[in-house]
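Here is a short briefing on one protein chain and its DNA partner. Read it with the structure open.

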Amino acid sequence: MNNAQVAEALEEIADLLDFTGANPFRVRAYRNGARAVRDLAEHVSVLAGEGKAQLQQIPGIGADLADKIIGLVETQEIPLLNELRAQIPASVLALLRVPGLGSKKAAVLHKELAITNLADLKDACEAGRVRVLKGFGAKTEQTILAGLEIAGAAEERLLWADADVFAQELLAWLQADPTVEQIEAAGSYRRGRETVGDLDLLVVSQQPPQVMDRLALQQSVAQVLARGDTKMSVRLRNGLQVDLRVVPAESFGAALQYFTGSKEHNVEIRSRAKACGLKINEYGVYRDDVYLAGRTEADVYSTLALPWFPPELREARREFEWAAGPGLPRLITVNDLRGDLHMHTTATDGQATLREMVAAAAARGLEYIAITDHSKRVSMANGLDGPRLREQWAAIDALNRSGEFPTLTVLKGVEVDILERGGLDLPDDVLAEADWVVASIHYGQNQPRVQIMARLFDALRSPHVSAIAHPTGRLINRRQPYDVDLPELIRGAAEHGKLLELNANPMRLDLDDTACAAARDQGVPIVISTDAHSVDGLLKMRYGVLQARRAGLTPQAVANTRGWNELKGLIGRASTA
DNA sequence: GCCGTTTTCGGCCCGACTGTTTTCAGTCG
């Protein structure tokens, strides 16, 4: 039973309790518990084995949830969950995904009309049976029908990189309005989440209606969902919802703080404010209704004796602990990175030649790059065998010697496949000649965990391997990662002195922020690499950096902030953490 | 159900907008 499964069970209890009209704070307690377990770097099942007291160390897990988790780990079930499932069909929970339907209205639909799934709901709306219910009306019925389309359309969150395109477009569009004095995008986009569910835009203007009119005219806006004096919501053609808030200048910082979130971070902030006799809302910080601050975020935080938090840290994980103790980490930036250690060329499945990649990297100011084309097992990509690889390495030697790119060192590398039956795809004598070897799994991804781990440890034990590339095999929104025991992999990397790669491809980011933080805590250096298959691919570094920032990584925690000679010294050196 | 530099009980962030209401509940972020 892994953390995700335990978290899912607690989340399901929260959903079902919510549906039954349970105490909302009890519902929230289950949700908080689920989140705490999901964010845990260790195995919750291991902690459960060590006893109740261990589990209760986790913030958000009390005596009751600890018992339930222990029971779940031991018996694979939670009696409360079984009872709730018997009471409420699983398909009913789908109703909660319809925008505009919360637990209260959904429960009424289930109870009064015996609606158990989305198809029932559609029928009932079309037959006019919903509008006659108490608290519902014709308008609600229409809202539900419109919402059903969205719920049905497999509501997918946008990748941050895709949301970024729309955010920049909308910001530029609104910026052109002369009454717009300040503008910023907030929400999960500003926090740099891997995926973004909606965009929050914040504007200072003396003329809110004019700004709202302008937003409605933007070419990608399909529909205005709601519009008031200060707030407007629209839906873009691609389905993305955009919320616009117009606030006075003295409230801009408070509103930016508020709408950046996360929700959990804000709950903590407001609780603290309340404890000091202050009130914080999106308009400012108040004592007895007297305005104290709100113009900038730093002003707001300083009323609570807190530092300004980089948005990437605002998840109510460890930022408050850091603020109270050692101070916030100096987060890594793109400019800290001096090399890129994973990229492909036309020798295998890349779109640019060796020379083109090298020229682009030099133009970007990188000090070193490793060319890491695929090995022969990856036949679809025309992977390299020993002779072809040595041929490429000879070309790299010649390029380095030529002096054509004096500021850039090109390293002889390879992305060697970890074979299905274990072992590496190239002989030791070839790998021994490389400057840099990343090992990764491409085939046999459905194998059981023990087998996957055995293969990964084959790579960790090889004296020639420098780093494990895409250690979880995750593809966001696409495919389940392979079954890897991440804490064990991190321990193995620490023991054998290997690095772990954070793939900067925004569709991969296969070490999530929790995993990055766990590696940091175990003293395993992270290497952020683009895995570029084209010249433009080299620009993706910033997506990986965003992920590293969310994990609170400093430049010291990331290997390729160092010069190549220093980085080389990290490989094979067992961690001291 | 969790939690405690006022508390082991009584709190738990706060406001905008909508629709169905004649003063407010539900939903959302």
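**Briefing: chain A and DNA strand B**

A phosphate oxygen of DNA strand B sits 3.1 Å from a polar backbone atom of Lys104. This is a predicted model. The points below cover the DNA contacts, one pocket, the overall fold and one buried glutamine.

**DNA strand B: who is around it**

- The surroundings of DNA strand B comprise 50 residues. Gly60, Gly100, Gly137, Tyr258 and Lys274 come nearest.
- Of the atoms of DNA strand B that come within 4 Å of the protein, 80% belong to sugar and phosphate.
- Helix α14 (residues 263-275) gives the largest share of the surface near DNA strand B. That share is six residues.
- By class, this surface near DNA strand B holds 19 charged, 18 nonpolar and 13 polar residues.

**DNA strand B: contacts to phosphate**

- Lys274 uses its side chain: a polar atom there lies 2.2 Å from a phosphate oxygen of DNA strand B.
- Lys104 uses its backbone instead, with a polar atom 3.1 Å from a phosphate oxygen of the strand.
- Ala138 also offers a polar backbone atom, which is 3.4 Å from a phosphate oxygen of DNA strand B.

**The second largest pocket**

- The second largest pocket holds about 440 Å³ of space.
- Its lining has 26 residues. Asp349, His374, His442, Arg508 and His533 lie nearest the centre of the pocket.
- Sorted by class, the lining of the second largest pocket has 13 polar, seven nonpolar and six charged residues.

**Overall fold of chain A**

- Chain A has 24 helices and 17 strands.
- The C-alpha trace of chain A spans about 75 × 65 × 50 Å along its principal axes.
- How does the radius of gyration of chain A fit a compact globule? A compact globule of 577 residues would have a value near 25 Å, and chain A has 26 Å, so the two agree.
- Of the 577 residues in chain A, 53% are buried.

**Gln447: a loop residue**

- Gln447 is in the loop that runs between β14 (436-440) and α20 (449-461).
- Is Gln447 buried or exposed? Gln447 counts as buried because its relative accessibility is 14%, and the cut-off for buried is under 20%.
- The side chain of Gln447 makes a polar contact of 2.9 Å with the side chain of Arg455.

Note on methods
Residues are numbered from 1 along each chain as its sequence is written. Chains are lettered from A and ligands numbered from 1 in the order in which they are written. This is a predicted model: local features need pLDDT of at least 70, side-chain atom pairs count only at pLDDT 80 or more; totals for chains, interfaces and linings use all residues. Side-chain values use heavy atoms; hydrogens and water are left out. A residue is near a molecule or strand if one of its heavy atoms lies within 4 Å of it. A polar contact is a pair of N or O atoms within 3.5 Å; within protein, one must be able to donate a hydrogen and the other to accept it, and residues adjacent in sequence count only if both atoms are side-chain atoms. Helices (H or I, at least four residues) and strands (E, at least two) are DSSP runs, numbered from the N terminus. Ala, Val, Leu, Ile, Met, Phe, Trp, Tyr, Cys and Pro count as nonpolar, Asp, Glu, Lys and Arg as charged, and the others, Gly among them, as polar. On a 1 Å grid over the protein atoms alone, a cavity is a set of points where a 1.4 Å probe fits but cannot get out, and a pocket is an open set with protein on both sides within 12 Å along at least five of seven lines; lining residues have an atom within 4 Å of a point. Grid points are joined across faces, edges and corners, and a volume is the space filled by probe spheres set on the points. The radius of gyration is taken over C-alpha atoms; the globule rule is 2.2 Å times the number of residues to the power 0.38. Buried means under 20% relative accessible area, exposed over 50%, partly exposed in between (1.4 Å probe, protein chains only).
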